[in-house]
Amino acid sequence: MKLQKNTMLALYSVVEFAANPDRHLSTAEIAARHGVSAHHLAKVLSELARAGIVASVRGVGGGYRFAGNPRRLTLMDVIARFEDIDGAKHGGGEPATATAQALAAIESEIDEMAKATFRSITLETMLRLIERQALRAPANSRSR
Amino acid sequence: MTRSRGTAQTAIDVRDVRRRDLDAVIAIDAAATGLPKPAYWRSVFRRYGAPDERARHFLVAETGGDVVGFVVGEVRDWEFGSPPCGWVFGIDVRADMREAGVGSRLLDAIARRFARAGVTKLRTMLARDNTLVLSFFRSQGMMAAPFIPLEMDLGESPPPR
């Protein structure tokens with residue numbers, strides 16, 4: 001399962017919102033942090049808002065804030081907003097040869113493991129994992 | 001025996017299972033799996049219910065006189081060259097007591113038993129669609145192990161060459 005750029009951006013953004021549940025963050029702020037255009041990120045955040053994962057904050061200094069339940073929301077809940085999880089098959093259609101079918105079966109096996117992993121990790125677990133990684137990592141690599 | 005408080009401010013004791021706990025264990029398991037397995041649990045009790053500091057552990061969580069959760073595991077030695085590890089093969093918490101720290105207490109208690117037995121890894125295996133329990137283990141800090149579970153349908157093995 002290869003995640004698209006928008007999906008990765010959504011995951012980074014959601015983790016950031018969940019880590020700062022009391023703050024609202026502007027699109028420009030997050031875009032600058034991840035080196036992407038605010039216009040591009042706006043589409044991602046808008047989709048997250050439609051899903052109820054973030055909520056828009058209006059007015060001066062507006063932006064978005066986390067609106068999900070970190071104990072319930074999983075990485076797969078975010079990914080599923082941006083990827084065709086069940087529909088996308090490798091190459092499309094039924095593989096023509098036995099070799100292609102065998103390779104497709106192996107790819108499917110790997111995909112199922114990946115999906116199960118993403119389904120099992122809540123935002124709360126993810127934040128704990130980040131904390132542990134930060135403790136292990138050298139200080140200069142703790143920013144992302 | 002250790003004692004702590006869950007989020008609902010309820011005292012939770014974790015202790016070795018007793019025979020009189022079996023009905024509650026069977027009921028908790030049946031509620032989770034939809035399948036009452038009294039014979040299985042009696043057999044688990046016979047194998048794991050006797051105090052055994054070295055290898056086998058069957059613990060329950062009790063609050064207000066009620067058994068509200070259980071965990072079962074053992075030290076497994078050198079399977080396919082893997083050094084001994086603490087293997088958890090059953091854990092569950094009564095539905096109305098979830099998210100009160102009962103599962104964490106149970107896992108922590110059995111992990112301490114395993115550590116006392118000298119092992120340094122805790123392992124388990126479960127169906128990949130068992131999101132509830134998978135998420136619980138993940139929340140406790142467990143990560144994918146360097147093993148791949150494999151299976152085959154016995155009726156479909158290729159003919160010997």
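This passage describes the fold of chain B, the nonpolar cores, a pair of helices in chain A and the contact between the two chains, as seen in a predicted model.

Chain B contains four helices and six strands, and when these elements are read along the sequence they follow the pattern β-β-α-α-β-β-β-α-β-α. Of the 161 residues in chain B, 30% are buried. Among the contacts in chain B with a separation of 6 or more, 58% are accounted for by residues 24 or more positions apart.

In soluble globular proteins, nonpolar side chains tend to be buried together. The largest nonpolar core in the model has 32 residues, and the members that touch the most other members are B:Leu59, B:Phe70, B:Val71, B:Val102, B:Leu106 and B:Ile110. Two or more residues are given to this core by each of several elements of chain B, namely the strands β2 (11-16), β3 (56-63), β4 (66-76) and β5 (85-93) and the helices α1 (22-33), α2 (38-48) and α3 (102-116). The element that gives the most is α3(B), with six residues. The surroundings of one member, B:Val71, can be listed in full: when residues up to four places away in sequence are not counted, B:Val71 touches B:Leu59, B:Val88, B:Gly90, B:Ile91, B:Leu106, B:Leu107 and B:Ile110. Apart from the largest core lies another core, of 24 residues, which includes A:Leu41, A:Leu45, A:Val78 and A:Leu123.

Two packed helices are described by the angle between their axes and the distance between the axes. In chain A, the axes of helix α2 (residues 27-34) and helix α3 (residues 38-50) come within 9 Å and cross at roughly 115 degrees. Because angles of 65 to 115 degrees count as roughly perpendicular, α2(A) is described as roughly perpendicular to α3(A). The crossing of these two helices, α2(A) and α3(A), is right-handed. On the side of α2(A), the residues that take part in the contact are A:Thr27, A:Ala28, A:Ile30 and A:Ala31, and these meet A:Ala38, A:Leu41, A:Ala42 and A:Leu45 in α3(A). Sorted by class, the contact of α2(A) with α3(A) has seven nonpolar residues and one polar residue, with no charged residues. Two of the residues that α3(A) brings to this contact, A:Leu41 and A:Leu45, are also among the members of the core of 24 residues.

The contact between the chains takes ten residues from chain A and seven residues from chain B. On the side of chain B that touches chain A, the residues divide into two nonpolar, three polar and two charged.

Terms used: Residues are numbered from 1 along each chain as its sequence is written. Chains are lettered from A and ligands numbered from 1 in the order in which they are written. This is a predicted model: local features need pLDDT of at least 70, side-chain atom pairs count only at pLDDT 80 or more; totals for chains, interfaces and linings use all residues. A nonpolar core is a set of buried Ala, Val, Leu, Ile, Met, Phe, Trp, Tyr and Cys residues joined through C-beta atoms within 7 Å. A residue is buried if 20 or more other C-beta atoms lie within 10 Å of its own, exposed if 12 or fewer, and partly exposed in between; C-beta atoms are placed from the backbone. Ala, Val, Leu, Ile, Met, Phe, Trp, Tyr, Cys and Pro count as nonpolar, Asp, Glu, Lys and Arg as charged, and the others, Gly among them, as polar. Axes are lines fitted to C-alpha atoms, for helices over the stretch in contact, and angles run from 0 to 180 degrees between N-to-C directions. Angles under 35 degrees count as roughly parallel, over 145 as roughly antiparallel, 65 to 115 as roughly perpendicular and the rest as oblique. A crossing is left-handed if the near helix is turned anticlockwise from the far one by less than a right angle, and right-handed if clockwise.
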